[in-house]
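Open the model in your viewer and keep the sequence panel beside it. This tour goes stop by stop: what to select, then what is there.

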Amino acid sequence: MYRILQSYLTNRYFRTKYREAYSSLRQILPGVPQGSVLGPLLYLIYTADLPTLANSTTATFANDTAILTLHEDSTMAAHRLQMHLNKIQSWLKTWRMKANEAKSVQVTFTLNKMTCPPVKLNRQTR
């Protein structure tokens, strides 16, 4: 099984074509082949230990992740969310993965007119 997975993930190359010209071959080091059947399963195994917290809910679909925190006080909800994001940031660093800050947003649902304090992902306000 190890050798099958190793052959699936190593010695992969790509090149680009523009009109009639081809680039030189470049080795692909991280990731799995795009569109592969095994790719999503390997991703789920790789991310199975994504940090969770008791006072928040984590939902994933493919490589998208949503974190939900609830509290009557929007400051406390933002604090809980920030704690969870800090754990995930540490986990991402450990496993050499990166979050796409440009695609990350904080959405607040509230009946209060007070604004919810912003949270940060990799030192960038969401």
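Helices here are DSSP runs of H or I with at least four residues, strands are runs of E with at least two, and both are numbered from the N terminus. Keep in mind throughout that this is a predicted model.

**Stop 1: the H1 and H2 pair**

Select residues 2-9, which form helix H1. Add residues 38-46, which form helix H2. The two pack at an angle of about 110°, and their axes are 13 Å apart. Angles of 65 to 115 degrees count as roughly perpendicular, so H1 and H2 are roughly perpendicular to each other.

Now show side chains where the helices meet. From H1, pick Leu5, Tyr8 and Leu9. From H2, pick Leu38, Gly39 and Leu42.

Stay on H2 and turn to the surface. Which residues make the nonpolar patch of about 270 Å²? Select Leu38, Leu41 and Ile45. Leu38 thus appears in the patch and also among the residues that meet H1. Ile45 sits in H2. Its relative accessible area is 56%, and exposed means over 50%, so Ile45 is exposed.

**Stop 2: two positive phi values**

Most residues other than glycine have a negative phi. Two residues on this stop have a positive one.

Select asparagine 11. Find it in the loop between H1 and strand S1 (12-14). Its phi is near 55°, a positive value in a residue that is not glycine. Asparagine 11 is exposed, at 59% relative accessible area.

Move on to arginine 19. Look in the loop between strand S2 (17-18) and strand S3 (21-22). Phi of arginine 19 is also positive, near 55°, and again the residue is not glycine. Is arginine 19 buried or exposed? Its relative accessibility is 64%, which counts as exposed.

**Stop 3: alanine 48 and strand S5**

Select alanine 48, in the loop that runs between H2 and strand S5 (56-61). Alanine 48 is exposed, with 63% relative accessibility. Draw a C-alpha to C-alpha distance from alanine 48 to histidine 71: 27 Å in space, for 23 residues in sequence.

Next, go into S5 itself and select threonine 58. Draw its C-alpha distance to leucine 81: 11 Å, with the two positions 23 residues apart in sequence numbering. Threonine 58 is partly exposed, at 26% relative accessible area.

Which residues does threonine 58 touch, leaving out those up to four places away in sequence? Show Leu50, Pro51, Thr52, Thr65, Ala66 and His84.

**Stop 4: serine 74 in helix H3**

Select residues 74-94, helix H3, and zoom in on serine 74. Its relative accessible area is 12%; buried means under 20%, so serine 74 is buried. Beyond its neighbours within four places in sequence, serine 74 is in contact with Thr115, Cys116 and Pro117.

**Stop 5: threonine 110**

Select threonine 110. Where does it lie? Look in the loop between H3 and strand S7 (120-121). Threonine 110 is partly exposed, at 41% relative accessibility. Draw a C-alpha to C-alpha distance back to glutamine 82: 18 Å in space, and 28 residues apart in sequence.

**Stop 6: glutamine 124 in strand S8**

Keep threonine 110 selected and add glutamine 124. Their C-alpha atoms are separated by 23 Å, although the two are 14 residues apart along the chain. Glutamine 124 belongs to strand S8 (residues 124-125). Buried, exposed or partly exposed? Glutamine 124 is partly exposed, with a relative accessible area of 38%.

Finish with its contacts. Not counting residues up to four places away in sequence, glutamine 124 touches Glu101 and Val119.

How values were computed:
Residues are numbered from 1 along each chain as its sequence is written. This is a predicted model: local features need pLDDT of at least 70, side-chain atom pairs count only at pLDDT 80 or more; totals for chains, interfaces and linings use all residues. Side-chain values use heavy atoms; hydrogens and water are left out. Patches are made of residues with over 30% relative accessible area and no salt bridge: like charges are joined within 9 Å, nonpolar side chains (Val, Leu, Ile, Met, Phe, Trp, Tyr) within 5 Å. Accessible areas come from the Shrake-Rupley method with a 1.4 Å probe; for residues, only the protein chains shown count as cover. A salt bridge is a side-chain nitrogen of Lys or Arg within 4 Å of a carboxyl oxygen of Asp or Glu. Buried means under 20% relative accessible area, exposed over 50%, partly exposed in between (1.4 Å probe, protein chains only). Axes are lines fitted to C-alpha atoms, for helices over the stretch in contact, and angles run from 0 to 180 degrees between N-to-C directions. Angles under 35 degrees count as roughly parallel, over 145 as roughly antiparallel, 65 to 115 as roughly perpendicular and the rest as oblique. Contact means heavy atoms within 4.5 Å.
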